[in-house]
2 protein chains.
Amino acid sequence: LSKRSGVPIPTIKYYLREGLLPPGDATAANQADYSDDHLRRLKLIRALIDVGGVSVAGARDVVAALADDTTPPIGLLGVAQNAIMPRRRPGRDTPEWAAARARVTALIDARGWLSDPDTPIMDTAADALAASVTLGITELADHLDGYADTASSLAASEVDIVLDRADPAGRMEAVVLGTVLGEALFGALRMLAHQHESARRLNAARPARDTGAAPVVPRA
Amino acid sequence: LSKRSGVPIPTIKYYLREGLLPPGDATAANQADYSDDHLRRLKLIRALIDVGGVSVAGARDVVAALADDTTPPIGLLGVAQNAIMPRRRPGRDTPEWAAARARVTALIDARGWLSDPDTPIMDTAADALAASVTLGITELADHLDGYADTASSLAASEVDIVLDRADPAGRMEAVVLGTVLGEALFGALRMLAHQHESARRLNAARPARDTGAAPVVPRA
């Protein structure tokens, strides 16, 4: 399994101990056979951890939810989102934070979004909004509806892509991988686009060359 | 400073030792005065670390680039992007990865994006793309142009917002905070939109009730 996947043996043993990988078929006291399913599961775990930045505990939650046939797709989405959600909890006892949280709730309500009312992600959105307001960067709050529009159209096309998969097992895996890898891919493209737009704008904004006209105010 | 910011004294001492905060004006052997600038700097550091998930080393880099008057905005953007970039480096010695990396380069070239040719972010994009292809989720690769379109329009409006700020010092801070907090805010909204779209689609896709028509194939 190590040879086929490129994952070192101690790491595979660690995943087995931590319950991320099911045990292989024992063929001797300290030998076991691993199937193609093991290989695929191992690749999935590595994608979650290495590319998606998911913790080992988060990967175990995702793998358990995937293996459980009774998990509905929407429940699996929640597990995958929780796995990539930051674990930090900045101070939330300020009036700025309460106002930001109310703003997020109002946004969700105004748009009629069917978001999970118990999701911790509304708090995460309020964290970013409150921090920007506290630091005087009110532009983020002003841009909230634009962000929501973009998030909405992006999510609609991604959900369509995943749900259009024919095989149910593949569809469930695509919910997980679309969430984790889609986030990583889009985040990287967004940073590259920022580099481009900044370079474009900053070059365009370069001041025009001196035309030789006499300065209006005489030099000191 | 601790009372005004809500940040515990040991944490402030740690930031002073690590060079994130400049020392205050010493008023006695073990007393110092801290100004409004210190308070603002401290709030900025907390936003980077608590909301943006930036490491202490990353925050130090950002703060140093901000304090250096010779840093151009585009350089500061790179420092802020590096600070929120994942530090993981998954296996990159596979043909799938090389193909994914070539695909990213081709995308940037085709669009004429003025991205930094030495940026590690192209590799990060290739990580996500290669992992999805390896796991048979080819939809992400198929959707690459749609992602690039969305990333591009999002980045254009964000860069406009930041560069339209009147004061140069505030503009530099906005580059940093727009990058870090804008990413956190948009990421959270995107997850909420995913919840909505999934709930909407899965309800809409519920199979129609049995109409009573006789089955074409007789039951066994």
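**Exercise 1. Is A:Ala99 buried, partly exposed or exposed?**

Before you start, note that this is a predicted model.

Step 1. Find the residue: A:Ala99 sits in helix H6 of chain A, which covers residues 95-111.

Step 2. Read its relative accessibility, which is 48%. Buried would need a value under 20%, and exposed a value over 50%.

Step 3. Because 48% falls in between, A:Ala99 counts as partly exposed.

Step 4. Now look for a partner in space. Between A:Ala99 and A:Ala126 there are 8.5 Å from C-alpha to C-alpha, with the two 27 residues apart in sequence.

**Exercise 2. Work out whether A:Ala26, A:Arg190 and B:Leu48 are buried or exposed, and find what they touch.**

Step 1. Start with A:Ala26, in strand S1 (residues 25-28) of chain A. Its relative accessible area is 67%, so A:Ala26 is exposed. Leaving aside neighbours within four places in sequence, its contacts are A:Gln31 and A:Ala32.

Step 2. Move on to A:Arg190, in helix H10 of chain A. With a relative accessibility of 2%, A:Arg190 counts as buried. Not counting residues up to four places away, A:Arg190 touches A:Tyr147 and also residues of chain B, including B:Glu158, B:Glu183 and B:Phe186.

Step 3. Finish with B:Leu48, in helix H3 (residues 36-51) of chain B. Its relative accessible area is 0%, so B:Leu48 is buried. With residues up to four places away again left out, B:Leu48 touches B:Gly53, B:Val54, B:Ala59, B:Val62, B:Val176 and B:Val180. B:Ile108, by contrast, is 29 Å from B:Leu48, C-alpha to C-alpha, and 60 residues away in sequence.

**Exercise 3. Check the span of helix H9 of chain B.**

Step 1. Helix H9 runs over residues 144-163, which makes 20 residues.

Step 2. At 1.5 Å a residue, the expected span is 28 Å, because the rule multiplies by one less than the number of residues.

Step 3. Compare with the model: the end C-alpha atoms of H9 are 28 Å apart, which agrees.

Step 4. Look at which residues of H9(B) are buried: among them are B:Leu144, B:Tyr147, B:Ala148, B:Thr150 and B:Ala151. When you read such a pattern, recall that an α-helix has 3.6 residues a turn, so residues three or four places apart point the same way.

**Exercise 4. How are the two chains related?**

Step 1. Superpose them: a turn of 180° and a shift of 0.0 Å along the axis lay chain B on chain A, with an RMSD of 0.0 Å.

Step 2. The two copies are therefore related as by a two-fold rotation axis.

Step 3. Find the residue of chain B closest to the axis: B:Thr150, whose C-alpha is 3.7 Å away.

Step 4. Compare the contact residues: 100% of those of chain B recur in chain A, and the same surface serves both copies.

**Exercise 5. Describe the largest pocket and its lining.**

Step 1. The volume of the largest pocket is about 1,200 Å³.

Step 2. Its lining has 47 residues, and those nearest its centre are A:Gly52, A:Ile84, A:Arg88, B:Ile84 and B:Arg88.

Step 3. Elements that give two or more residues to this lining include helix H7 (121-134) of chain A and helix H10 (168-204) of chain B.

Step 4. Sorted by class, the lining holds 25 nonpolar, 14 polar and eight charged residues.

Conventions. Residues are numbered from 1 along each chain as its sequence is written. Chains are lettered from A and ligands numbered from 1 in the order in which they are written. This is a predicted model: local features need pLDDT of at least 70, side-chain atom pairs count only at pLDDT 80 or more; totals for chains, interfaces and linings use all residues. Side-chain values use heavy atoms; hydrogens and water are left out. Helices (H or I, at least four residues) and strands (E, at least two) are DSSP runs, numbered from the N terminus. Buried means under 20% relative accessible area, exposed over 50%, partly exposed in between (1.4 Å probe, protein chains only). On a 1 Å grid over the protein atoms alone, a cavity is a set of points where a 1.4 Å probe fits but cannot get out, and a pocket is an open set with protein on both sides within 12 Å along at least five of seven lines; lining residues have an atom within 4 Å of a point. Grid points are joined across faces, edges and corners, and a volume is the space filled by probe spheres set on the points. Ala, Val, Leu, Ile, Met, Phe, Trp, Tyr, Cys and Pro count as nonpolar, Asp, Glu, Lys and Arg as charged, and the others, Gly among them, as polar. Copies are superposed by least squares on the C-alpha atoms of residues with pLDDT of at least 70 in both. Contact means heavy atoms within 4.5 Å.
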